[in-house]
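Good morning, colleagues. Please look at the sequence and the structure on the screen, and I shall take you through two sheets and then the overall fold.

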Amino acid sequence: MRDYLLLYVNGQRHQISGERCFQSLSDYLRIELGLVGTKVVCAEGDCGSCTVLIGRVRNGELKYEGIDSCIQYLYQLDCTHVITIEGLKHENRVHPVQQAMVDAMGSQCGYCTPGFVMSLAAMLETKEALTRLSVQDGLTGNLCRCTGYEQIIEAALSLSKPVAGSAANQPASKRYNKKALIADFNAHASQSVFCEYLEKWNGASNKVRFFVPRTLQEAVEFKQKQRNVTVVAGGTDISVQMNKEHIEPKCVMSLTNLDELDFIELKKQKVKVGAGVTWTKLGEFCQQHLPQLSEIISLFASRQIRNAGTLAGNIANASPIADSLPFLHVIEAEIELSGTKSSRWVNINRFYHGYKNTEMTPDELITSIRWNLPEPEGVLKLYKVSKRKDLDISTFTAGILLKLKNGKINKARLAYGGVGPVVLRLPKTERYMQGKPVTATIFQQAGSMASEEISPISDVRASTDYRSQLAENIMMKFFHECFDNQTKKEAA
Ligand SMILES: Cc1cc2nc3c(=O)[nH]c(=O)nc-3n(C[C@H](O)[C@H](O)[C@H](O)COP(=O)(O)OP(=O)(O)OC[C@H]3O[C@@H](n4cnc5c(N)ncnc54)[C@H](O)[C@@H]3O)c2cc1C
Ligand code: FES
Ligand code: FES
């Protein structure tokens with residue numbers, strides 16, 4: 001067990017202990033190390049100006065991804081290498097991405113610029129082809145209010161053209177001695193980290209502590225002993241609450257170093273996803289095996305958030321507009337809850353007892369999620385309705401899964417989000433659809449039944465009426481998208 005975090009920043013080694021471990025990475029970079037090129041604007045993962053590259057050892061190699069440093073706390077970053085905008089410079093020359101931004105006039109006030117540069121640098125790390133589409137996707141998590149995006153996109157596209165004698169497409173991480181970093185991380189990899197300090201404020205003092213377990217057993221034992229522990233996975237929900245709602249947990253456990261939870265398994269059409277799997281990794285898997293979920297993941301937040309956030313965090317956070325939930329409800333996914341002595345599987349349809357109230361007991365952790373892939377005769381569609389297409393919170397979500405037999409609906413599973421305190425299955429409408437033919441009339445009737453089965457509220461995102469209308473219309477949208485051609489063919 002160690003009492004310090006090991007972190008490299010731009011190739012420099014840092015051992016961090018005590019109170020300093022409880023800072024966000026952006027504060028640590030700016031305040032402690034004076035690396036003020038990383039900017040903080042929103043402090044909630046929305047604008048990307050704080051983007052840095054974070055390298056973690058995966059399968060024996062350092063893999064770098066762009067991550068928002070304002071919502072990564074240091075206790076999530078043990079055994080990582082952080083590259084900031086200052087770390088891109090090499091032999092006193094700016095990085096080709098920086099030069100391209102200058103040449104294309106991709107910066108005015110410059111506050112957003114380091115984030116854009118780091119997101120483009122992240123694309124070079126994975127050797128992604130730089131096309132207009134890929135660049136737009138790679139920059140979804142970066143906002144600029146001055147320059148206009150066209151010059152920034154031009155800068156990015158200029159990097160796809162090889163320049164004689166220039167290392168334009170060289171990943172920034174190439175300039176660091178990765179072998180030495182990996183050796184240092186490996187030498188520390190088996191140790192968990194526990195830090196504690198006495199917080200003194202206004203005459204009172206409090207013990208503040210965090211734990212970074214290396215094994216699941218250590219994690220569940222810690223959770224059992226420290227019932228008020230705040231569990232942090234990717235931190236994309238909880239760290240926003242810390243920054244914005246000034247929640248200051250006195251005891252934190254970070255799951256980021258639990259390799260045991262970082263797996264995706266596919267056996268006999270059964271998928272099992274470890275609780276440590278990020279949205280990025282799940283998205284890659286779904287591209288091949290579950291295109292409907294892959295589509296929703298491509299609309300989920302931004303790359304910086306998907307590189308950190310997890311499916312398990314989305315489930316445990318228990319928001320009725322969490323994007324994974326309609327899918328998990330209609331596919332009848334099961335959640336593995338593990339304690340010190342045993343683990344159990346709970347169907348997601350029985351996991352939520354009310355708003356932010358779940359089946360998980362204080363000593364349990366979500367350790368994995370499993371489901372069966374849809375059967376060949378199944379028709380699955382997932383919907384996310386939001387004010388903006390990209391990087392927006394859902395107003396309404398839906399999952400519709402039908403099993404067809406002899407041209408009729410053999411089984412219907414419907415789940416709506418954003419229409420109640422939890423994601424709702426619609427049993428009455430499901431029963432109505434069973435055995436019915438696939439016609440526009442049936443779907444119209446199902447839509448109006450569905451809107452009667454829910455009681456949405458009005459809030460900042462939408463009114464009750466709008467949500468009810470969506471609940472009705474989505475059934476016709478589903479019908480037209482999946483069956484309209486077939487109906488037209490039959491009628492012809
Ligand atoms: C800018 C931005 C955009 C976003 N966009 C979307 C979006 O489009 N769609 C969407 O659905 N969400 C979105 N989110 C929310 C968030 O990214 C997701 O909910 C994400 O999946 C949370 O995962 P995490 O690992 O970061 O969770 P964390 O923040 O680490 O944790 C969330 C909660 O789950 C608990 N928890 C985490 N892991 C476990 C575990 N294994 N066992 C028990 N409890 C656990 C934590 O204690 C905490 O209460 C967005 C967030 C931000 C900041
Ligand atoms: S400061 Fe806006 S995402 Fe971090
Ligand atoms: S250059 Fe000013 S916000 Fe982008």
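I begin with a single pairing: Lys267 has Lys270, in strand 11, as its bridge partner. This is a predicted model, in which local features need pLDDT of at least 70, side-chain atom pairs count only at pLDDT 80 or more, and totals for chains, interfaces and linings use all residues. Residues are numbered from 1 along each chain as its sequence is written, while chains are lettered from A and ligands numbered from 1 in the order in which they are written.

As for terms, helices (H or I, at least four residues) and strands (E, at least two) are DSSP runs, numbered from the N terminus. Two strands pair if DSSP finds at least two bridges between them.

The bridge just named brings us to strand 10 and strand 11 (residues 270-274), which pair in the antiparallel sense over 4 bridges. They belong to an open sheet of 5 strands, ordered 10-11-16-12-13, with antiparallel pairing. At its edges are strand 10 (264-267) and strand 13 (343-347), each of which pairs on one side only. On average, neighbouring strands of this sheet are turned by 20 degrees against each other, direction ignored; axes are lines fitted to C-alpha atoms, for helices over the stretch in contact, and angles run from 0 to 180 degrees between N-to-C directions.

Which strands does helix 7 touch as it packs on the sheet? Helix 7 (residues 216-225) touches strand 12 (334-338) and strand 16 (365-372), and its direction makes about 120 degrees with that of strand 16. Contact here requires C-beta atoms, placed from the backbone, within 7 Å.

I turn to another sheet. It is open, its 4 strands follow the order 6-7-9-8, and the pairing is mixed. Strand 6 (193-201) and strand 8 (230-232) are the edges; each has a single partner strand, so one side of each is left without a neighbour in the sheet. Strand 8 runs parallel to strand 9 (residues 251-254), joined by 3 bridges. Within strand 9, Met253 stands opposite Val231.

Finally, the whole chain. The protein has 16 helices and 20 strands, and its C-alpha trace spans about 70 × 60 × 45 Å along the principal axes. Of contacts between residues at least 6 apart in sequence, 66% join residues at least 24 apart. Buried residues make up 46% of the 492 residues, buried meaning that 20 or more other C-beta atoms, placed from the backbone, lie within 10 Å of the residue's own.

Definitions and conventions:
Contact = placed C-beta atoms within 7 Å. Buried ≥ 20, exposed ≤ 12 C-beta atoms within 10 Å, placed from the backbone.
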